[in-house]
Amino acid sequence: MTSSVFNVEKSPPSYEPYQFKLSDKFRKLALEELREDDDIREQSLTQMREWIAKHPYIRKCRTDAPFLLRFLRFRKFSVPQAQEALERYMAMRQTFPEWFQKLDPRDAPMRIPLRDEVFTVLGQDDAGRKVVFIRYGLFDVERLTPMEMFRYTMMFIELMLDDEELQIGGFRVWVDYTESVMKHYGMWGIGDLKLLMDAVNKTMPIRIREIQGAKLPKFAVTIANLLLSFGSAKFRERIVCHATVLESKKHFDQSLWPKQYGGPHDTTEKAKNLKKLLEEKRDCILALDDMEIDIELYKSFWGQSNQNSNSDIDIGIAGCFRKLNVD
C-alpha cells in the first residue's frame, strides 16, 4: 500500500491490485495447507469485497488484500467462514473497546512489558512457522492490571497479523513461567479469562500451531485448566507443558533459542526491533478503531444481553476459589 494508514471505506471506487511477493516456499505452503493459489485468492478477495460493500451492518471496513487475507487464510479460504470471522472480529473490538481499542505502543502501560522483554519474536522454523517466546513471569504485576496485560497481548497480535508469512505459516509459542507468582494468576477474573480465550481461540485470526510451556507453578494448574476449559478441544490438544525449560527447548531448533537458554538470540536486541516495528506500525494499529459495525446484532455472542454477564470480571480468581472453598 502507498499509505501508512489503510482506507476504511467499505465500497471504494477501486482496489489496489494484489501481488504475491513471498518465496516459493510460502507459495507451496499456502497451496498445501490453505488451498490457496492465484485464482482462488483473487476470487475470494472479490467475494469478500462484494459482501462487505453490501453488508447492512458493516459501516466502515478495511478492504485491502493483506487485511482480508488474515481471515481467508485463517479459515483456509472458506469464504463464508472468513466472512463470519471478520464479523466476529469487528464486533468484539467494538463490544469491548477497553480491551481491544486505542492500542498505542506509546502509552505507559504498553511500554512496561515491551521494556521488560515479555514477548520476543525469535525467528522462523524450517516449516515457516514464526516462533514467539513469552516469559510470563516478566509481566510486572505490581504495575500492570490484567486488562493492561491483555491489551499488550492484543497489540502484539495486531502487529503480527499483516505479516503474510505468519498468516500462512502460523505461530509456534514457547512460554516460560519461571518467576511467575500467585498474583500473575490470582488477579484475573473469570470474565477476563473467558474473554482472553475467546480472543485467542475464536476471534483473532491467528493460526497457533502449538504451545510449548515450561515450569507452570503447581498453584497455577487449576487456574490454567479453568482457562483452557473455555477453549476448544482442538486448541487444548496443541498445548504441552513441561516440568523444566530444558525439556521444553528440545522442541525447538537450537538456532531459535534465546541467549538465556544457550542460543544465539539476544532478547534485548529483539525488544529494540519490536519497539521500532511497533512505532512504524502505530498509525495502522490505531486506525483499526476507525472500522465500524452495528454491534446490536452480535451482542449475544458474548452474553451482553445479560446485565450481569461480566459481573465477575473484577473478582480475582484467587477470591473466586476462596469463595468456592477450593484449595
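1. **The neighbours of E117.** Let's start with one residue and work outwards. In this predicted model, E117 touches R135, L138, T267, T268 and A271, leaving aside residues up to four places away in sequence. E117 sits in the loop between α6 and β2, the strand that covers residues 119-124. Is E117 buried or exposed? With a relative accessible area of 13%, E117 falls under the 20% cut-off, so it counts as buried. You can also use E117 to see how the chain folds back: L277 is 160 residues apart from E117 along the chain, and the C-alpha atoms of the two are separated by 14 Å.

2. **The backbone at E117.** Have a look at the phi angle here too. Most residues other than glycine have a negative phi. E117 is not a glycine, yet its phi is positive, at about 60°. This positive phi comes just after α6, so if you trace the chain out of that helix you will arrive at E117.

3. **A second positive phi, at K76.** What is the phi of K76, which is not a glycine either? It is positive, at about 50°. K76 is found in the loop between α3 (residues 65-74) and α4 (residues 79-95). The relative accessible area of K76 is 34%, which lies between the 20% limit for buried and the 50% limit for exposed, so K76 is described as partly exposed.

4. **Helix α6 and what covers it.** Now step back to the helix that precedes E117. Helix α6 spans residues 108-115, and its buried residues include M110, I112, P113 and L114. Which elements cover them? The cover includes α7 and α14, and the next points take up α7 with each of these partners.

5. **Where α6 meets α7.** The axes of α6 and α7 (residues 146-161) come within 9 Å and cross at roughly 75°. Angles of 65 to 115 degrees count as roughly perpendicular, so α6 is roughly perpendicular to α7. On the α6 side, the contact is made by P109, M110, P113 and L114, and on the α7 side by E148, R151, Y152 and M155. Sorted by class, these residues are 6 nonpolar and 2 charged, with no polar ones.

6. **Where α7 meets α14.** Helix α7 also packs against α14, at an angle of about 85° and with the two axes 10 Å apart. These two helices are therefore roughly perpendicular to each other as well. From α7, the contact uses Y152, M155, F156, E158, L159 and M160, while α14 supplies L274, L277, L278, K281 and I285. The classes here are 9 nonpolar, no polar and 2 charged residues. Notice that Y152 and M155 of α7 appear in this contact and also in the one with α6.

7. **T153, another residue of α7.** T153 is found in helix α7. What does T153 touch, not counting residues up to four places away in sequence? Its partners are F119 and F139. The relative accessible area of T153 is 17%, under the 20% cut-off, so T153 is buried.

8. **D289, after α14.** If you follow the chain past α14 (267-287), you reach D289 in the loop leading to β7 (292-293). The D289 side chain makes a polar contact with the side chain of R93, at 3.1 Å. Besides R93, D289 touches F100, Q101 and K102, again leaving aside residues up to four places away in sequence.

9. **H55, between α2 and β1.** H55 lies in the loop between α2 (38-54) and β1 (58-60), and at 6% relative accessibility it counts as buried. H55 touches K10, E87 and Y298, not counting residues up to four places away in sequence. Of these, K10 is 45 residues from H55 in sequence and 9.0 Å away in space, C-alpha to C-alpha.

10. **The whole protein.** To finish, zoom out. The protein has 15 helices and 7 strands, and its C-alpha trace spans about 60 × 50 × 35 Å along the principal axes. A compact globule of 327 residues would have a radius of gyration near 20 Å, and the 20 Å of this protein agrees with that. Of the 327 residues, 53% count as buried. Among contacts with a separation of 6 or more, 80% join residues 24 or more positions apart.

Notes. Residues are numbered from 1 along each chain as its sequence is written. This is a predicted model: local features need pLDDT of at least 70, side-chain atom pairs count only at pLDDT 80 or more; totals for chains, interfaces and linings use all residues. Side-chain values use heavy atoms; hydrogens and water are left out. Axes are lines fitted to C-alpha atoms, for helices over the stretch in contact, and angles run from 0 to 180 degrees between N-to-C directions. Helices (H or I, at least four residues) and strands (E, at least two) are DSSP runs, numbered from the N terminus. Angles under 35 degrees count as roughly parallel, over 145 as roughly antiparallel, 65 to 115 as roughly perpendicular and the rest as oblique. Contact means heavy atoms within 4.5 Å. Ala, Val, Leu, Ile, Met, Phe, Trp, Tyr, Cys and Pro count as nonpolar, Asp, Glu, Lys and Arg as charged, and the others, Gly among them, as polar. A polar contact is a pair of N or O atoms within 3.5 Å; within protein, one must be able to donate a hydrogen and the other to accept it, and residues adjacent in sequence count only if both atoms are side-chain atoms. Buried means under 20% relative accessible area, exposed over 50%, partly exposed in between (1.4 Å probe, protein chains only). The radius of gyration is taken over C-alpha atoms; the globule rule is 2.2 Å times the number of residues to the power 0.38.
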